[in-house]
Amino acid sequence: MLSSYFEADQTVFPTQNFYNNILSVDHNEDIFNKKGMVIISSHDAISTSICRQMTTYYNHFKNLQIDYAGILKNQDPKAIDLIINELNSKSIIPVFVGISAEIAGKISASLQSGMVQIANKINNLTHPTAYIRSNFLGYQRHLCGLDDIHEIEQHLYDSMSLGKIRTYPHLTEPVLRDVSIIHLDLSSIRLADCPGCVDGLPTGLNAEELCQLMKYSGMSSQLKSFFINTDNLTDDSKQIHHLIAESIWYFAEGLNHRTKDHPSLSSDSSEFIVYSESLEEDLIFLKNNQTQKWWIKKPDSNPPRYMAVSYEEYQSSIGEEIAERIMKFINENRDSA
């Protein structure tokens, strides 16, 4: 019984009008059998504030059940691992509020899934027996070591600094399109929008950018779980609770638009071959016929490997201006061949 992993008789919010409000709360095993999203917290007060705020939002998602499961009894990665696997098997995506990047990294390693960290710093996570594959979004260069920045710029095609997010906003969707595990550190949000975060800075993502990233995250057909760290919040953080609630709503909107359009899940796609004179090889692009989203495939990998790309990256390849992300992807495949 999944409910055994949660504290009993925690705060329960009345279902005021589920058709008009996003949050339906029935603290029983039934919530673990409905396709959608479950919010799970490690902090009673924070979850209370977030969920109460969410009951004021309109529900645009008729086919998506959104529930609050309760408070975790502990943050044992093995238990969280089991919860994720069980919920995913029922087409449910859990959103954990109050989980550190270190715990999320252990779970990512256990699930053998890549991880994206939305943070203002580069946090190189380690695991005693496994490799944690991390990409980074929103990091700020003055807070990162030069060696870490060089490593990202040379090899990590799904990482973007705050400056790159602002310069190339169209790339954030493909970067998040195939992500499996995401961890959000609220220090990545600028202090004006997140005033109760002790690690916040005057620079960072704004609230609207966060909501957009959350929507893109929810749209990933590969997504298994989303984690939000709240350890660096002060007691007076009601504005942040509202921001978290809003961002979760947009995450749900992304889930509502989620489709199995990845080339490994759908054959309804068209193939476009672009010959690159500079690389002296064909670049194979695929466009899903339903969602119009693009991927690039490396033919010499077995099984085939894909990277989500934007239409602009496809277009630049036609003009022999191979995008930086595509070059990193191709070189990584060559290095691992």
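**Exercise 1. Lay out the sheet that holds E9 to E12.**

*Solution.* Start with the strand order. In this predicted model, four strands form an open sheet in the order E9-E10-E11-E12, and their pairing is antiparallel. Next, find the edges. Strand E9 (269-276) and strand E12 (305-309) are the edge strands, each pairing on one side only. Then add the twist. From one strand to the next, it averages 30°. Now look at one pair. Strand E11 (residues 294-298) and E12 are antiparallel, joined over five bridges. For one register point, take lysine 298: its bridge partner in E12 is arginine 305.

**Exercise 2. Place serine 301 and find the polar partners of its side chain.**

*Solution.* Locate the residue. Serine 301 sits in the loop between E11 and E12. Check burial. The cut-off for buried is under 20% relative accessible area. Serine 301 has 14%, so this residue is buried. Now list the backbone atoms around its side chain. A polar atom of the serine 301 side chain lies 2.9 Å from the backbone nitrogen of arginine 305. The backbone oxygen of proline 303 lies 3.5 Å from a polar side-chain atom of serine 301. Arginine 305 has thus appeared twice: here, and as the bridge partner of lysine 298.

**Exercise 3. Describe how helix H9 lies on the sheet, and which residues it buries.**

*Solution.* First the packing. Helix H9 (residues 311-318) lies across E9, strand E10 (281-288), E11 and E12. H9 runs at about 40° to E9. Then the burial. Glu313, Tyr314, Ser316 and Ser317 are the buried residues of H9. Viewed down the helix axis, they fall within an arc of 165°, so they line one face of H9. Last, the exit. Glutamate 320 follows H9, and its phi is positive, near 65°.

**Exercise 4. Trace strand E3 and its two partners.**

*Solution.* Begin with cover. Strand E3 (residues 92-97) has six of its six residues buried. Sort them by face. Ile92, Pro94 and Phe96 are on one side; Ile93, Val95 and Val97 are on the other. Now the partners. Strand E1 (residues 36-41) runs parallel to E3, with six bridges between them. Valine 38 has proline 94 as its bridge partner in E3. Strand E8 (residues 225-229) also pairs with E3 in the parallel sense, over three bridges. There, phenylalanine 96 stands opposite phenylalanine 227 of E8.

**Exercise 5. Map the nonpolar cores.**

*Solution.* Take the largest core. It has 51 residues, and Met37, Ile248 and Phe251 touch the most other members. Helix H8 (residues 238-256) gives the largest share, nine residues. Follow isoleucine 248 outward. Beyond its neighbours within four places in sequence, its contacts are Met37, Ile39, Ile50, Met54, Val95, Val97, Met214 and Ile228. Then note the other core. It lies apart and has 23 residues, including Leu2, Leu87, Ile132 and Ile181. As a general point, nonpolar side chains tend to be buried together in soluble globular proteins.

**Exercise 6. Work out the surroundings of aspartate 185.**

*Solution.* Position comes first. Aspartate 185 lies in strand E7 (residues 181-185). Its relative accessible area is 17%, and it is buried. Then the contacts. Residues up to four places away in sequence aside, aspartate 185 touches Ile118, Ala119, Asn229 and Asn232. Add a polar contact. The side chains of aspartate 185 and serine 187 make one at 2.8 Å. Finish with chain distance. Isoleucine 228 is 43 residues apart from aspartate 185 along the chain, yet their C-alpha atoms are separated by 6.3 Å.

Notes:
Residues are numbered from 1 along each chain as its sequence is written. This is a predicted model: local features need pLDDT of at least 70, side-chain atom pairs count only at pLDDT 80 or more; totals for chains, interfaces and linings use all residues. Side-chain values use heavy atoms; hydrogens and water are left out. Two strands pair if DSSP finds at least two bridges between them. Helices (H or I, at least four residues) and strands (E, at least two) are DSSP runs, numbered from the N terminus. Axes are lines fitted to C-alpha atoms, for helices over the stretch in contact, and angles run from 0 to 180 degrees between N-to-C directions. Contact means heavy atoms within 4.5 Å. Buried means under 20% relative accessible area, exposed over 50%, partly exposed in between (1.4 Å probe, protein chains only). A polar contact is a pair of N or O atoms within 3.5 Å; within protein, one must be able to donate a hydrogen and the other to accept it, and residues adjacent in sequence count only if both atoms are side-chain atoms. A nonpolar core is a set of buried Ala, Val, Leu, Ile, Met, Phe, Trp, Tyr and Cys residues joined through side-chain atoms within 4.5 Å. The arc is that of the directions from the helix axis to the C-beta atoms.
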